[in-house]
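Reader: Before accepting the labels attached to a model, I would like to see the reasoning behind each of them. Could you take me through it?

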Amino acid sequence: MEEDFFESPITAGNFNASSHCNVNKTFTFHFLSSVYLIVFILGLLGNGFGLWNLCMNWKKWTSLNVFVLNLGIADLLYVGTLPFFVSYYLSEGVWMFGYGFCRLARLLFHINMYASITFLTCISVQRYLGIVHPMKMMGSFQNLRPSMYISILMWILVIIQILPNLYYTNAMKNDTYCHDSTINEHLESYAPYTLSITITGFFIPFLIIMTCYTRVLNVLTKNKNVDPNLKSRSIKQVFIILILFAVCFFPYYIFRNLNLLSRVWQLRGTCTRSLKNVYISYQVTRGLAAMNSAINPLLYLVTNENFVSKFRKIHRRAWYTIVYVARNHSVPDIKAMSMNEKEEDKMTEVL
């Protein structure tokens with residue numbers, strides 16, 4: 001399917017050579033619809049179960065759990081919009097859910113991206129303070145009030161950063177498209193805004209995270225007195241966050257800015273194979289960026305000790321039920337299952 005390389009229709013006044021700059025969007029429709037469907041399933045299950053487990057153990061919360069809670073909320077806000085975009089790309093770019101919801105759904109994507117990076121930064125700083133300066137921070141992580149105030153401040157910061165998106169139009173009221181950035185008429189001012197928010201919302205937090213984890217890893221490798229469990233969980237957390245930045249965030253922000261720059265060049269009459277390749281690469285990174293909502297739940301594994309045991313219990317109970325029903329063609333005794341689980345937990349503690 002051959003379509004304009006641009007995200008929005010081009011008039012002769014904007015670019016009189018648009019007929020020579022077409023791109024096949026079939027890949028975009030198939031790739032993004034598939035990725036968004038996978039992210040919706042994994043993100044909904046992972047974040048839903050993680051947040052449920054957090055709420056069930058709220059009495060054991062530390063400041064770290066508050067930041068993870070906000071991260072999960074940001075993910076669920078975005079994941080909830082994905083079925084609509086699956087429909088959008090399966091129908092090859094026909095948006096059937098109205099102008100207002102298009103703007104809201106695209107806005108939630110940006111909120112998710114910047115909120116994820118912001119709260120990952122908070123988690124990194126908290127881990128840095130707890131490991132590199134443990135004596136100074138002793139007891140302070142049990143007080144949840146400062147982390148709640150910080151979370152509110154972070155949400156305000158995120159909203160301020162993405163608020164200009166409301167000025168830029170990404171859909172026309174009588175159109176069936178729902179663009180992920182803006183129409184060509186706003187492109188000249190939108191590209192500098194995107195570059196500036198990339199610096200404030202991505203590169204600066206990334207530098208903070210790298211600085212924190214460099215010091216954390218340095219302390220963990222040199223200090224032999226660090227609790228092995230804390231050391232293992234901290235290293236896993238570093239690994240997960242680095243994967244998020246390397247796979248989800250870094251490629252997306254690079255190619256997002258390159259794609260906007262290429263659109264500006266095309267409006268001025270330039271069209272090359274390299275610019276078309278930038279468009280295709282950008283679509284791939286959009287899918288990778290969405291994957292952050294499916295990867296973030298891994299942080300529940302390293303920040304909440306009860307998460308793994310709860311997950312194992314649910315898995316064990318489901319497997320026991322399937323086997324029991326298959327053998328006896330009846331519903332198993334729930335009380336007996338619970339007693340068996342308690343006995344297994346006691347045996348695990350002894351071991």
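Author: What follows is a short exchange about a predicted model, taking its cysteines before one of its cavities.

Reader: What makes the link between C102 and C178 a disulfide?

Author: The S to S distance of C102 and C178 is 2.0 Å, and the cut-off asks for cysteine sulfur atoms within 2.5 Å, so the pair is called a disulfide. By this rule the count comes to one disulfide. With 100 degrees about the S-S bond, the link is right-handed. C102 sits in helix α4 (residues 99-132), whereas C178 lies in the loop between α6 (144-162) and α7 (187-222), so that the disulfide links distant parts of the chain, 76 residues apart.

Reader: Why is C212 called buried, and why is C55 called partly exposed?

Author: C212 has a relative accessible area of 8%, which is under 20%, and C212 is therefore buried. C55, with 43%, falls between the limits of 20% and 50%, and is therefore partly exposed. The two cysteines of the disulfide, C102 and C178, are both buried.

Reader: How do you know which class prevails in the lining of the second largest cavity?

Author: The lining has seven nonpolar, no polar and three charged residues. Among the lining residues are Y36, L82, F85 and F109, together with R106, D180 and R286; Tyr, Leu and Phe count as nonpolar, and Asp and Arg as charged. About 100 Å³ of space lies in this cavity, and the elements giving two or more residues to its lining are α3 (82-90), α4 and α9 (273-290).

How values were computed
Residues numbered from 1 in each chain as written. Predicted model: local features only at pLDDT ≥ 70, side-chain atom pairs only at ≥ 80, totals over all residues. Heavy atoms only, no water. Helix = DSSP H or I, 4+ residues; strand = E, 2+ residues; numbered from the N terminus. Buried < 20%, exposed > 50% of the residue type's maximum accessible area, 1.4 Å probe, protein only. 1 Å grid on protein atoms, 1.4 Å probe; cavity = no way out; pocket = protein on both sides within 12 Å on 5 of 7 lines; lining within 4 Å. Points joined across faces, edges and corners; volume = space filled by probe spheres on them.
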